[in-house]
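Me: I would like to understand how the two chains in this model are judged to meet. Please set each value against its definition.

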Amino acid sequence: MNEQQGPSANGVRSNPISLNIEFSGGLEILFSNQRDHRIQLPAKDSSGEPANIMFLVHYLCENLMKDRRKDLFLLHGGIRPGILVLINDADWELEGEEEYLVQDGDIILFVSTLHGG
Amino acid sequence: MNEQQGPSANGVRSNPISLNIEFSGGLEILFSNQRDHRIQLPAKDSSGEPANIMFLVHYLCENLMKDRRKDLFLLHGGIRPGILVLINDADWELEGEEEYLVQDGDIILFVSTLHGG
Amino acid sequence: ANEREVTLSLEEYKRYGRQMILPEIGIEGQMSLKRSRVLIVGAGGLGCPAAAYLAGAGVGTLGIIDHDTVENSNLHRQIIHSTSRVGVPKVVSAITYLRDLNPHPNYVPHVEPLTTENALQIMAGYDLVLDCTDHPAIRYLINDVAVIMNIPIVSASALRTDGQLVVLNNPPSVGPCYRCIWPRPPPAESVVGCGEGGILGPVVGLMGVMQAIEAIKIITKNPVQEVGRTTMTLFAAYGASPFRCLKMRGRKAGCIACGSPERMEEKITRESIEDGRMDYVAFCGGRAGVRVL
Amino acid sequence: ANEREVTLSLEEYKRYGRQMILPEIGIEGQMSLKRSRVLIVGAGGLGCPAAAYLAGAGVGTLGIIDHDTVENSNLHRQIIHSTSRVGVPKVVSAITYLRDLNPHPNYVPHVEPLTTENALQIMAGYDLVLDCTDHPAIRYLINDVAVIMNIPIVSASALRTDGQLVVLNNPPSVGPCYRCIWPRPPPAESVVGCGEGGILGPVVGLMGVMQAIEAIKIITKNPVQEVGRTTMTLFAAYGASPFRCLKMRGRKAGCIACGSPERMEEKITRESIEDGRMDYVAFCGGRAGVRVL
Ligand SMILES: [Zn+2]
Ligand SMILES: [Zn+2]
């Protein structure tokens, strides 16, 4: 209860970034049937740019996803239509979308939209 | 969304403490019919001790509560039976109960137990 | 719709007393409920509890549209149908139950699928629509017509042990619509229905009850909704923290349903729906020309 | 109770198919549901939807206890009763509805109040109890008997536009009981009922549906519950963030119901309930000797 997760101060860092990754709406089936994951993301991508959401998405697809149906998560280089991305419970569109630079302690939630009723 | 509220570092401070006070289960009726309040609590009580939950409770009773029926909140010097106190969504018994020293940014929730069905 | 004069009988005062004494409802709110005309699209796992609580609350006109009949595999979750009504159209079964719960509302049966041909005409008779359906194609159709008609949508869905709820086009021409949030449909192969994926009865029930709550809040205009933001509520019965409240984007200026798209010919209009240019099934990856719901 | 042999008929396989294909339930879970015996105390706003979804899910034995009759002011929220059954005992009305929803369960009517005289005997026939009542006195009685009988309690309550849910004594002799969390009763003047305070129908409905979900999780033992902690879910229909999940304390060593109190004579036992030493009404500030529910 007392663990505190504030984003790291504005600063240069090269330590990996600790992130809470969550899947909902059936996406967890693609990730070992586990809803919550705690991962360490490299702070920079291969070209030395600071890690943004799209880098994270590709990283998850390559390193965390066990299912071979990659196009149920990534399609044509982007997030598959029907999946919402939430950064600390806010729609990623409110946070800069693909360009958002992930911060230590961020909770990134991927929600597959449900249609049943 | 981006406001960050971490508890203040371990340290001496005499600035007032910013707290989010919430009431639920009908208690809000005693507090101007408002569920959420943001208050500034003096960092020390009248005898110079750091502010704990019971100091907060008395402070609320004297400064925030408009209703005159004080015994619906405080009874015989303690929280009225049937009211739960939650510190950052955890039962105050898990946090040291009346002795807990409130921290900057804490969310303190008072819940009156409901009985209807 | 708000000018319709209504009065409450003594029986109604007694029946609704427990909710009329709430400051959030009051006599004004009860009158608003009686004046309101609500359409429930889909009399399944979501529509059943939503209809029960809205009828109970005293909505004046309650329309239900569904072309399906009651099956025994529905009954673990579609709780206003019954074993003795297996084989009966769901709309008829639902209204049988609802009329016995509360005889006061005007119940309007629509025993047919909602289609591009009838949607505009049917939805014109209502002030609020509950999307209780089970396929993206029909969800886009409901959205587009609701935007044209200026009525809010309370949309929910459920699958397996999860549920989702979002209020759209609320208030009309201010809040985001379904297409603002989901501009592109999911690939057909990613769409799983309750028949295939399974569903825990009270999970879809929970979402339907939440739709009734949101509908009552909209009808009684409390809280007054002025901001163009909406939230999405997630429920996961087996999640460590079962409820999540997500802050969603606002209305998109270029939305082809509620906005002004750059290419104006893409804008969805009454005509583009009625003349069949909008093929919702094909849009969602199904065979073109197939009717939906 | 778990050794009772049960089989599923073809009709049952079809009926429960949509929930049996869930990995969280499966055939094993369905068998556990059929073997389970659940008592619902109170056939009101909470008990109605809870009973509907548990009956729908295929609980084997469903007992309902309530001494009240259906009134027309109940029907905005007590959705398994009906206008044509006004004046009928709620238990009879409920079972009329439930039997038509699902004829398979064994429905046990208890048309009487739950009292210190009958509680031990009645609750001995069940594996799980849902507290759907409306007064602290009866909540303490249910708790004390459930602790003695070693059965979990799914407890909910609602008032105005708020609801609360907590699972107690789960698993028995590990999780906290009602008295661990509320050792002292609230002053009588602070207790407000739905008649007085009012209640929004789908709010209490939501809490009842949540009770059904928690009951199914307990009966199917998924997730396996081993830790002695519980959470409390708060719902506020008009709150900025309507759902809160609170982490509650564990079992208290000195609890007079489930623990070993310092003064052993305070310990609540079968005998202290049966011989009338426990006066729940007086404990909660009412007139001594008055029977409860
Ligand atoms: Zn739009
Ligand atoms: Zn205890």
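Me: What makes one say that the copies, chain C and chain D, meet through the same surface?

Reply: The model is predicted, with local features needing pLDDT of at least 70 and side-chain atom pairs pLDDT 80 or more, whereas totals for chains, interfaces and linings use all residues. Residues are numbered from 1 along each chain as its sequence is written, chains are lettered from A and ligands numbered from 1 in the order written, and side-chain values use heavy atoms, without hydrogens and water. Contact means heavy atoms within 4.5 Å. Of the interface residues of chain C, 100% are also interface residues in chain D, so the copies meet through the same surface.

Me: Why is the relation of chain C to chain D called that of a two-fold axis?

Reply: Copies are superposed by least squares on the C-alpha atoms of residues with pLDDT of at least 70 in both. A turn of 180° with a shift of 0.0 Å along the axis lays chain C on chain D with an RMSD of 0.0 Å. That is the relation of a two-fold axis.

Me: What area is buried between chain C and chain D?

Reply: Buried area is the accessible area (1.4 Å probe) that two parts lose on being put together, summed over both. For chain C and chain D this is about 5100 Å², with 64% given by carbon and sulfur atoms. In chain C, the residues losing the most area to chain D are C:Arg18, C:Tyr53 and C:Tyr238, together 15% of what that side buries.

Me: How many salt bridges does the rule find across the interface of chain C and chain D?

Reply: The rule asks for a side-chain nitrogen of Lys or Arg within 4 Å of a carboxyl oxygen of Asp or Glu, and it finds zero salt bridges across this interface.
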